Amino acid sequence: MKNNIKFLRRKMGLRQEDVAEKVDVTRQTIIAIENNKYNPTLELAIKLSRLFDKHVDEIFQLDDEIK
């Protein structure tokens, strides 16, 4: 799964630490998500979507389209 967390975070002028604090995870979790090394739980994906005021599917995209 790919995402645009880094782009949205930078657009809002937030540091990884800021995002982590707001969604109650570690900075390492945000780093892993940004580097596509970790797929967040549904709960975390929803928290991130609320933080960035975007729908979950505007933030996260599947690598391959479902056919």
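Glu34 reaches well beyond its sequence neighbours. With residues within four places left aside, Glu34 is in contact with Asn3, Ile5, Lys6, Arg9 and Gln16. These contacts come from a predicted model. One of the partners, Gln16, also makes a polar contact with Glu34: their side chains are joined at 2.9 Å.

Where does Glu34 sit? Glu34 belongs to helix H3, which covers residues 27-34. Is Glu34 buried or exposed? Its relative accessibility is 8%, so Glu34 counts as buried, the cut-off being under 20%.

Ile5 links Glu34 to the nonpolar core. Ile5 is in contact with Glu34, and also with Ile33, Leu48, Phe52, Ile59 and Phe60, again leaving aside neighbours within four places in sequence. The largest nonpolar core has 14 residues. Ile5, Val19, Leu48, Phe52 and Phe60 touch the most other members. Four helices each supply at least two residues of this core. They are listed here.

| Helix | Residues |
|---|---|
| H1 | 5-11 |
| H2 | 16-23 |
| H3 | 27-34 |
| H4 | 42-52 |

Which helix gives the largest share? H4 does, with four residues. In soluble globular proteins, nonpolar side chains tend to be buried together.

A database record covers much of this region. UniProt lists residues 5-59 as "domain: HTH cro/C1-type", in an unreviewed entry. Over residues 5-59 the chain is 69% helix and 0% strand. The C-alpha atoms at the two ends of this stretch are 7 Å apart.

Conventions
Residues numbered from 1 in each chain as written. Predicted model: local features only at pLDDT ≥ 70, side-chain atom pairs only at ≥ 80, totals over all residues. Heavy atoms only, no water. Buried < 20%, exposed > 50% of the residue type's maximum accessible area, 1.4 Å probe, protein only. Polar contact = N/O pair within 3.5 Å; in protein donor to acceptor, adjacent residues only side chain to side chain. Contact = heavy atoms within 4.5 Å. UniProt positions renumbered as here; feature names shortened; annotations may be inferred. Core = buried A, V, L, I, M, F, W, Y, C linked by side-chain atoms within 4.5 Å.
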